[in-house]
Amino acid sequence: MSRIELKVNGRSHTLDVEPDTPLLYVLRNDLDLRGPRFGCGLGQCGACKVIISGAAVFSCITPVSSVKGEITTLEGLSQNGRLDPVQQAWIDEQAPQCGFCQNGQIITAKALLDKNPHPTDAQIRETMNGTLCRCMSYFRVQSAIKRAVKTMAGRSPADPKEVVA
Amino acid sequence: MSSSDKLPKQIEDVLVTHRREFLKHAGLLAVSFGVFGATAIEGAESQSSNPAESPGPYRDPDFHQIDSWIVIHEDNTATFYVGKTDPGQGTGTCFRQLMSDELDIAFDKTTCIMGSTDITVDQVGSGGSSALERDSWPMRRVAAEARRVLLEMGSDHLGAPVDQLAISDAVIAVKANPSKRVTYGELIAGKKFHVTLTGNNINRVTGQAKTKSNPELKYAGQSIQRDDIPSKVDGSLKWAVDVKLPGMVHARNVKPPFACAKLTGIDESSVKSLPGFIKVLSKGNYVAVVCEREEQAIRAARQLKTTWQKPATAPFPASEDLFNYMRSATPVSDPRLAAGNPELRAPGFGPMVVGNPDAAFSSAAKIIEGEYEIPFQGHTAFAGAHALADPSNGQMTVYTNDMKSYSMRRGIAAFLGMPHDSVRVVWMMGPQGFGRSAAEDAAFEAAWIAREIGRPVRMQWMRDEETAWDTKGPAFLVKMRGALDSGGRLVAYDFHARSCDHNHIGYNEPDSVLIAQLMGTRRAKPAAGSAAMPSDMYAIPNRKMVGEVVGLPILWETPLRTGNLRDPNGPQPTFAAESFIDEVAAAAKADPLEFRMKMVKAGKDDDSAFRRARSIAVLKAAAETYGWDSRPSPKPIGKGKILTGRGIAYSFRGRTVVAEIAEVEVDRQTGHVWAKRLVCAHDCGFVVNPESLRHTIECCTLHGLSRAIHEEVQFDTETVTSRDWFSSPTLRHTDIPERIDIVLVNGDPNPDRPDLPPYGAGEPALKPMLAAIGNAIYDATGVRIRRVPFRNDRVLAALKAAGV
Ligand code: FES
Ligand code: FES
C-alpha cells in the first residue's frame, strides 16, 4: 500500500492503496462514485471513462498512481446544481435506454465539445466510436451531442424529431 | 414528487409484522421516493446499520389486496408497487401513466416501485414484450378499483351521493359546490384500503370498477419524459453494481479454460500471500476466489493455478464447421413421431401441411431454392453479470439486475435448500436485459459463496466470461423451396428449419444455472429447445413447414448454452423466409414490395388481431415514408466503388406488425456494408408513450442491424473464442444510419372496437431487419448472401465469387 493523493470533482483525497490499482476501483469503492462503471476492464467500451486534464480517459486501465491532473466524473459535470448542457441535451433527447453505458457517452462527448465546440458529424462519429452501447442508443446520443452543440452556442435547439444524426 | 422518509404503513402491514425490524436495519425505512422510484433499496447502505440482524421471513405481498399495489400518502401523492422490471425501455413510466389515469391522480404526484420480491406482487419481472400488452391490465384494474373505493369513501365523508361527485387530481368534490371537497390523502393516508380483489391469478385480478376507455385516458397517449433518465444522466442513480454493505467482500470466478473440463487440481499457494486474499472456494468444477477488495479478487482469480482435464470428445465443432455439423446431425427426435402421440412430442414443429405442396412443386413453371445460415449470437450484455448477496441472520438477500426477480428467488431458495421466505431478491437497474443475461448465474454464485463464508459477497463477471459464457441465441439452418407458376405467382412453399437449441436454458432454474452444472447437477432430461416458423400473412396455397432441433455433442458445462435472446426464435427464421420471398420476387421479375403486398392481399380472411389488414397498412406506410419506386431487384449494377440498394422485409411478432426498409451502401473494394437509411413502420396497437415507444423501436431496429452486420459467436473445438469487443464485434457509432424513420402506424382496422389494446414493442422491430439488410445488399450488388452477419470479409468474398 502507499499514500496516493487524488483531486476528484474539486475535492482532495488521500488514500492508502496499491499504486497499480486501476483508478476505476478507487473511484467506485473508495470514493463511492457511481458515474464511472465497469464494462470491460480492457479500454474497449468506455463505461469507466472520466475526464483528466480535459481528456476522456479509461479509468479501468489507468493505474491510480499514474494520475497527474484533476479528475472529473459524471457527478462532477453539474455546476451549482445545474446540469451541464451536455447532460441537459441527454435528457431533452431522452438518449438512454438502460443507461449503463451513458457515463461513457456523456464523458466522451463532454471532452470532445470542450475541445471542439463545433464538431462535424464525422468528427462526432469518430470520437464516439470507442464508446459502445448494447442497447443501441447511438442515434439519440449523436442527436443529443448536436443538440448540446446548439445550446452551447446559444442557439435554440431544433425540435428533437427533426434532429438528424 | 416529494420524498417520503419511511416505508408506507400500509405496505408494512401487508407484509409480516416482524419484518419491520429488518426494514429498519436494511435501511428500507429510509426509502427515498425521489425522482426515480424504481427500486426500494435506494439509500440502503447509507443507513450504515447492521444487516446481520435482519430477520425475515419475507412473505409475498398478496396480490388480492389493493394495499399491495397502491399506497396514498398524507400529502396526497401515491406510490405504485408493481411486479415488473424495466430494463430500459421506459415501461416504468408507462405503468405510472396508466395507473395515474385509472386512479385519477396527477402523474407527477406518483412514483412506481418495481420488482422487489418482498414488497411488490409477483408479475414475473420482464420478458416477452408483455409489459403493456399483458401486465399493465391488472395494474389498471386495481387502480380503477382504488378510485371507486375512494369515491365511496368521499361520498360518506361529504354526505353526497357518488353520482354528484367529481374527481380531479386526487381531489373529490361535490359537483354543485366544489368548495365541498376532500383529498385522497385526507381519506386514506396512513390507513389501509382493506379491499380484497377477485380473480384466481394475478393476470385476472380485478375489483368491481371498470377501466377507462382510451379516449378517457389523460396521461396515457402522451410523450411524458421517462422518469428514470435524469438520474441515469447526472450519476445519482444507484445501480445494482453500487450496493455496498458493511463487511462485504469481492468474488471472481475462475472459469474452466475449455468446455466440459474437469478440475484436477488447485494450487492455493499461488494466491495465498496476495494482499486481501480470503479464500478459494470450489465444488465440482466450480471455482471462485474471494478477496477483501475488488482489484485484489481480480488479480487472485487470474493468478490462481488450476489444472484441468479435457473431455474425451470434442464438445462442439469449430464455428466454421457449425452448419455442416447441423446439416448432418440427427434431430433430437423425429417430428413425424409427434402425430397422435403427445408423449413423443418432438422439439420443433410440424410437419404442417397446407394444400398439396408436392403436386404444386411437380407442376411448377420454376422452382427456387435457398439455404440460409444464422450463427449463434450472444446476449453479450454491455457489462458482465453481477450481484450482491447478503447472508445475514441466516437469510439471503440478493441485489440484482436480473429481469426476473421472482423466479430468481424461487431458484436460489431451491439451490441453497433454504425456505422460500428466507430469501428475497431486490431488483435494481443494470446493463440491458434482452431475454436472458448471465445476471442470474452471478446471483446464484454470489448467494452460494455468501453462505459459505458468512459475509455479503459481490460477484462480478469479467468481460471475457460474459462474452464467452453467457447464453446464446440458437443457430438456425433453414432450407427453403418455392414453386412459381407460369404467371409468376408463388404457389407452393417449403420451409425446413433446424435450430441448434437442445438443452435451452430456462430462467433461474436451480438445476440448469451454470454454477449448478459446474457442481455436477444434471437434469434427467435436457430442455427440448425449439425451432420456429416464419410469421407473415402471405396467401400461399400450398405450404409445408417443418422445424427440427439438434444438439451439440456435449450439452452441459459448455459456454455454448442457448437461452432466450430478444425475440428468441424470431430473427433467424425471418431472415430466411423474408430473404427467400425476395429471391422469389426477383425470379418472378416483380417488385419485392408489390410481390409481398399481392400475396397479403390475396388472403381473404383476416385473423382475430386483424394482422392481414395491419400488414397491408405497415407495408404501405413503410413504402410511402421511404419513397419506394416500383422496380424489380437487383437494380442495374453500378460502376463505382460504392453500390447502393434498398431492401424490404416484414413480419409480425404476437399481435405487433412491422415492415422495415433498409438502404445500404456496399463498398465493393472492402465488402463493407453501411445502412445509410432505415425505415420502420410499426403497429403495436394502443400507444401509451409515443416518444418512449419510438426510442425503443429505434434501438430495437439498430439491434437488428447489429445482428445483421456484426454479431456472431466464434469458437474452436474447445471453447468460445469470442471474448471481448474485438473478437465479438457489435454496432458502433460509425455504423449508425444518417437517417432513421420510425412510423407508428397504430391504427385500429376494427371499427367495432372502441378500445384498441396495447401490444408488445420490446422485440418485434428486430425481427425483419436481418432480411431487410440482406435484400438491400442484393438490390445493390445482385449477389444473394444467405448467411449473416454480413461482415466485410464475407461480403467481399461473395462479391468476388460473383465477379462484382
Ligand atoms: S470498462 Fe473501461 S473501457 Fe470498458
Ligand atoms: S443504454 Fe444500455 S448499454 Fe447503452
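## A walk through chain B

The largest nonpolar core has 157 residues, and those with the most contacts inside it are Ile70(B), Leu103(B), Tyr493(B) and Ile773(B). A nonpolar core here is a set of buried Ala, Val, Leu, Ile, Met, Phe, Trp, Tyr and Cys residues joined through side-chain atoms within 4.5 Å. Buried means under 20% relative accessible area, exposed over 50%, and partly exposed in between (1.4 Å probe, protein chains only). Take Leu103(B): leaving aside neighbours within four places in sequence, this residue is in contact (heavy atoms within 4.5 Å) with partners including Ile70(B), Phe80(B), Ala143(B), Leu150(B) and Tyr184(B). Apart from the 157-residue core lies another core, of 58 residues, among them Ala259(B), Val423(B), Ile449(B) and Trp469(B).

Before going further, please keep in mind that this is a predicted model: local features need pLDDT of at least 70, side-chain atom pairs count only at pLDDT 80 or more, and totals for chains, interfaces and linings use all residues. Residues are numbered from 1 along each chain as its sequence is written, chains are lettered from A and ligands numbered from 1 in the order in which they are written, and side-chain values use heavy atoms, with hydrogens and water left out.

### The chain as a whole

Chain B holds 19 helices and 26 strands. Helices (H or I, at least four residues) and strands (E, at least two) are DSSP runs, numbered from the N terminus. The radius of gyration, taken over C-alpha atoms, is compared with a globule rule of 2.2 Å times the number of residues to the power 0.38. For 804 residues a compact globule would have a value near 28 Å, and chain B agrees because its own value is 28 Å. The C-alpha trace spans about 80 × 80 × 55 Å along its principal axes. Of the 804 residues, 66% are buried. Among contacts with a separation of 6 or more, 79% join residues 24 or more positions apart.

### Two open sheets

Strands of a sheet pair through backbone hydrogen bonds, either parallel or antiparallel. Two strands count as paired if DSSP finds at least two bridges between them. One open sheet of chain B has five strands in the order 12-22-21-20-13, with mixed pairing. Strand 12 (349–354) and strand 13 (366–374) stand at the edges with a single partner each, so one side of each has no neighbour in the sheet. The twist averages 10° from one strand to the next. Helix 14 (residues 571–587) packs on this sheet, touching strands 13, 20 and 21, and its direction makes about 150° with that of strand 13. Such axes are lines fitted to C-alpha atoms, for helices over the stretch in contact, and angles run from 0 to 180 degrees between N-to-C directions.

Another open sheet of chain B has four strands in the order 23-24-25-26, again with mixed pairing. Its edge strands are strand 23 (642–653) and strand 26 (739–744), each pairing on one side only. Here the twist averages 15° from one strand to the next.

Three strand pairs of chain B are set out below.

| Strand pair | Sense | Bridges | A bridge pair |
|---|---|---|---|
| 21 and 22 | parallel | nine | His496(B) and Val546(B) |
| 23 and 24 | antiparallel | twelve | Arg653(B) and Thr656(B) |
| 4 and 5 | antiparallel | four | Leu165(B) and Val174(B) |

### A hairpin up close

Strands 4 and 5 of chain B form a hairpin with two residues between them, and Asp169(B) in the turn has a positive phi of about 45°. Which side chains of strand 4 (residues 165–168) are buried? Leu165(B) and Ile167(B) point to one face and are buried, while Ala166(B) and Ser168(B) point to the other and are not.
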